[in-house]
Amino acid sequence: MAIKTKNGKVILKNGKASCECCKSLCDLNLNSSGGDEGYLETFAVNTGSVGFDISVTFTAFSVPDRFLIQGIYDTGCIGLEAGQPSYVTQTVTIPPNTQNVTLQVIPNCLGDTTGTAWTLSITCLLETPAP
């Protein structure tokens with residue numbers, strides 16, 4: 001699923017305008033939850049020579065799920081049935097010269113169950129200059 005814009009606003013797949021059409025993910029405070037449908041969304045960030053940090057909180061309840069920022073961060077398969085903590089809070093750096101960021105929740109990552117539930121929260125921290 002690609003980024004959608006309408007009247008200069010970013011529209012998430014739930015149809016809600018979340019921010020002005022943005023240069024960076026820092027303009028977006030994402031709160032999402034779901035189940036077996038997972039989540040897949042790509043955002044244009046165009047960081048140029050400046051990277052930035054985001055705070056990621058991902059909760060997988062009993063049925064294990066996996067969250068990743070493609071090519072940048074991966075929680076692995078977490079959840080009580082996977083024997084891993086059921087939530088992760090992590091600061092993740094979006095590197096300089098990044099043009100797009102794809103967020104993905106892979107539900108039921110062990111592949112043998114259905115009926116999962118998960119939550120995802122992403123907020124931007126202060127922008128940091130590239131070293």
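Start your tour in the middle: the largest nonpolar core has 22 residues, and V56, F67, I69, L103 and L120 touch the most other members. Select those five and keep them highlighted. One thing to know before going on: this is a predicted model.

**The core and who supplies it**

Now colour the strands. Strands 5, 6, 7, 8, 9, 10 and 11 each give two or more residues to this core. Strand 6 supplies the largest share, 5 residues. As background, nonpolar side chains tend to be buried together in soluble globular proteins.

**Zoom out for a moment**

Show the whole chain as a cartoon. How many helices and strands are there? You should find 0 helices and 11 strands, so reading from the N terminus the elements simply go β-β-β-β-β-β-β-β-β-β-β. The chain has 131 residues, and 40% of them count as buried. Switch on a surface, too: the chain exposes about 6800 Å², with carbon and sulfur atoms supplying 50% of that. Among contacts with a separation of 6 or more, 68% are between residues 24 or more positions apart.

**Stop 1: strand 6 and its partner**

Select residues 52-60, which is strand 6. Here 8 of the 9 residues are buried, so the strand is mostly covered. Add residues 87-94, strand 9: the two strands pair in the antiparallel sense over 8 bridges. For one example of that pairing, click on S55 in strand 6 and look across to its bridge partner in strand 9, T91.

**Stop 2: Y87, on strand 9**

Stay on strand 9 and pick Y87. Is this residue buried or exposed? Y87 is exposed, because its relative accessible area is 52% and the cut-off for exposed is over 50%. Show its neighbours: leaving out residues up to four places away in sequence, Y87 touches F58, T59 and I78. Then try the distance tool on Y87 and L120. These residues are 33 apart in sequence, and their C-alpha atoms are 9.7 Å apart in space.

**Stop 3: strand 7, with a partner on two sides of the story**

Next, select residues 65-69, strand 7. This strand is mostly covered, with 4 of its 5 residues buried. Strand 7 is joined to strand 8 by 4 bridges, and the two run antiparallel. Find L68 and you will see D74 of strand 8 standing opposite. Follow the chain from strand 7 into strand 8 and you go round a hairpin with 3 residues between the strands. Click on G71 there, which takes a positive phi near 80 degrees.

Strand 7 also pairs with strand 10: again the strands run antiparallel, joined by 4 bridges. Which residue of strand 10 is the bridge partner of I69? That would be L103, and both names were on your opening list of core residues that touch the most other members.

**Stop 4: L103 and T102, side by side in the sequence**

Centre the view on L103 and show its contacts. Not counting residues up to four places away in sequence, L103 touches L30, Y39, L40, E41, F43, F67, L68, I69 and I122.

Now move to T102, which sits in strand 10, residues 100-106. T102 counts as buried because its relative accessible area is 13%, and buried means under 20%. With the same sequence neighbours left out, T102 touches L40, E41, T42, L68, I69 and Q70. Look closely at T42: its side chain makes a polar contact with the side chain of T102 at 2.8 Å.

**Stop 5: the aromatic rings**

For the last stop, show the ring side chains. The whole structure holds 4 aromatic pairs. One of them is Y39 with W118, an edge-to-face pair with 6.5 Å from centre to centre and 70 degrees between the planes. Y39 lies in strand 5 (residues 39-44) and W118 in strand 11 (residues 118-127), so this pair ties together parts that are 79 residues apart in sequence. Both rings belong to buried residues: Y39 has a relative accessible area of 5%, and W118 is at 1%.

Finish by selecting Y39, F58, F67, Y73 and W118 together, which form one aromatic cluster. You have met F67 already, among the core residues that touch the most other members, and F58 as a contact of Y87.

Notes
Residues are numbered from 1 along each chain as its sequence is written. Side-chain values use heavy atoms; hydrogens and water are left out. Buried means under 20% relative accessible area, exposed over 50%, partly exposed in between (1.4 Å probe, protein chains only). Contact means heavy atoms within 4.5 Å. Accessible areas come from the Shrake-Rupley method with a 1.4 Å probe; for residues, only the protein chains shown count as cover. A polar contact is a pair of N or O atoms within 3.5 Å; within protein, one must be able to donate a hydrogen and the other to accept it, and residues adjacent in sequence count only if both atoms are side-chain atoms. Rings of Phe, Tyr and Trp (its six-membered ring) pair if their centres lie within 6.5 Å; planes under 30 degrees apart count as stacked, over 60 as edge-to-face and the rest as tilted. Two strands pair if DSSP finds at least two bridges between them. A nonpolar core is a set of buried Ala, Val, Leu, Ile, Met, Phe, Trp, Tyr and Cys residues joined through side-chain atoms within 4.5 Å.
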